[in-house]
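Q: Please take one aromatic side chain in this structure and look at it closely. Then follow the side-chain contacts outward from there, for someone who has not seen the structure before.

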Amino acid sequence: MTKPTPARGLVALLRMPYWLMTGGLSLLTALAITKSIIDPVHIALIFFSMAFITSAGFAINDYFDRESDAVIKPKRPIPAGALSLKQVVAVSGVLFAAGLIMSYFINWLSFAIIAADSLLLLLYSYLIKRKSGFAANILVGILTGTAFMYGEATVLNNISLISLSLYPIAFGTIGGNVLRDILSMEGDSKVGYPTLPQKIGSFSAAKVGALFFMLTGLLAPLPYFIGEFTIYYLPLILLWSVLLIYSSIRLVTAGSTIQNVRKYERIVTMSMILLPLALIIEAIVGMLI
C-alpha cells in the first residue's frame, strides 16, 4: 500500500467537515441572534477561530491516541506514516494559537470561551478519554454547546438566555457518541477504552443514548417558547424533534442490535442538517421583516 503524502495526512488531520459543526454553528447562531448583516471580517474571525480550535483538538487527540490508532485506526495520519509526531504537535500548536489570536480580536469574552475550550480539549485528549469514556462523551457535548455561547459572545459580548436556551441541543452529541461507542465496542475493547457500553452493556448504553436524544428533541424548540426566536425557527426544528424522539423510542423498544443502533444513529446524524437550516431561516427572515 502506498504511503500517504504529508499533504493528504494534513487534510485528514484537520477533519475539516467538522468546521461546519463548530465554526459554522457559531456563525449561524450569531446571525440568528442579530438578524442582521455581519461584517465579512467579523464573519471570518467567528468561523475560523472556532474551526481552528476544533482542528487543533483533533490533532492533539491523534497525538495521544497514536498507539490505539495503530491498532484500530491504522489509516490515521500518524500510524499511516503521513505525519511525524513533531509535525502533528506543531500543527496543533499553530492552530490553537491562531484560534486564540483571532478570538482576541473579537472581544475578551470570546477569547475566554475559546481559551476554556482549548484547555478542555487538551484535558480530554490527555486524560479523560482514557479514564472514562462516558465522561469523555459528556465533555464533547459540553464543548459542542459552547459554540452557541461563542456565537452570541462574538456579536453581543454577552452570554444570555438566548444562547443558553440553544445549549441543550448539544445533548444530542452525547447520545450520538454513546451510540458510536456501541458500534466500536470490538475495537475499543482491544485498546482498553473504558466506554459506557463496555461497562454496562450495549442495551443499557442504547437507553442512555436514547435519553439524550429525547432531551434534545424536547428542548430544541426552547428558543421560540421563551420568546427569543420567531415562529419561523419552529417548522424544521419541530421536524428534527420528532425524528429525535422517534429514534429514542425505537432504540429502547426495537432492541439494541448493531443493525438497529446503526440505523437510528444514522437517522439522527442525517437529521442534524435541520438545525443549521432552522438557524439560517431564522436569520434570513429576521433580516427581511
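A: **Phe171 and the contacts around the chain**

Phe171 counts as partly exposed because its relative accessibility is 26%; buried means under 20% relative accessible area, exposed means over 50%, and partly exposed lies in between, with a 1.4 Å probe and protein chains only. The model is predicted, so local features need a pLDDT of at least 70 and side-chain atom pairs count only at pLDDT 80 or more, while totals for chains, interfaces and linings use all residues. Residues are numbered from 1 along each chain as its sequence is written, and side-chain values use heavy atoms, leaving out hydrogens and water.

To place Phe171 among the aromatic contacts, the pairing rule comes first. Rings of Phe, Tyr and Trp (its six-membered ring) pair if their centres lie within 6.5 Å; planes under 30 degrees apart are stacked, those over 60 are edge-to-face, and the rest are tilted. That rule gives 17 aromatic pairs. In one of them, Trp108 and Phe111 have ring centres 5.7 Å apart and planes at 80°, so they are edge-to-face. Both residues sit in helix α6 (residues 108-131), 3 residues apart, about one turn of the helix. Helices here are DSSP runs of H or I with at least four residues, strands are runs of E with at least two, and both are numbered from the N terminus. Trp108 counts as exposed at 61% relative accessibility, whereas Phe111 counts as partly exposed at 24%.

Phe171 itself pairs with Phe212, also edge-to-face, at 6.4 Å centre to centre and 65° between the planes. Phe171 is in helix α9 (residues 171-183) and Phe212 in helix α12 (residues 202-219), so this pair ties together parts that are 41 residues apart in sequence. Phe212 counts as buried, at 13% relative accessibility. Elsewhere, Trp19, Phe47, Phe48 and Phe52 are joined into a cluster by ring pairs.

Helix α9 also takes part in a charged contact. Glu265 forms a salt bridge with Arg180, and their closest N and O atoms are 2.6 Å apart. Glu265 lies in helix α15 (residues 258-271) and Arg180 in helix α9, so the pair ties together parts 85 residues apart in sequence. A salt bridge requires a side-chain nitrogen of Lys or Arg within 4 Å of a carboxyl oxygen of Asp or Glu. Glu265 is buried, with a relative accessible area of 13%, while Arg180 counts as partly exposed at 36%.

The structure holds 6 salt bridges. Another one joins Asp62 to Arg76, with the closest N and O atoms 3.5 Å apart. This pair links distant parts of the chain, 14 residues apart: Asp62 is in helix α3 (residues 40-64), and Arg76 is in the loop between α4 (66-72) and α5 (85-104). Arg76 also meets Asp69 in a salt bridge, at 3.6 Å from N to O. Asp62 is buried, with a relative accessible area of 1%, and Asp69 is buried at 2%.

Salt bridges link Arg15, Asp62, Asp69 and Arg76 in a network. Arg15 is found in the loop between α1 (6-14) and α2 (19-34), and Arg15 is buried, with a relative accessible area of 13%. Its backbone has a positive phi of about 50°, although Arg15 is not a glycine. Most residues other than glycine have a negative phi. Asn157 also has a positive phi, of about 55°, without being a glycine. Asn157 is found in the loop between α7 (133-156) and α8 (161-166) and is partly exposed, with a relative accessible area of 46%.

One more contact involves a helix and its own backbone. Ser247 lies in helix α14 and counts as buried at 0% relative accessibility. The side chain of Ser247 reaches the backbone oxygen of Leu243 at 2.8 Å.

Notes: A polar contact is a pair of N or O atoms within 3.5 Å; within protein, one must be able to donate a hydrogen and the other to accept it, and residues adjacent in sequence count only if both atoms are side-chain atoms.
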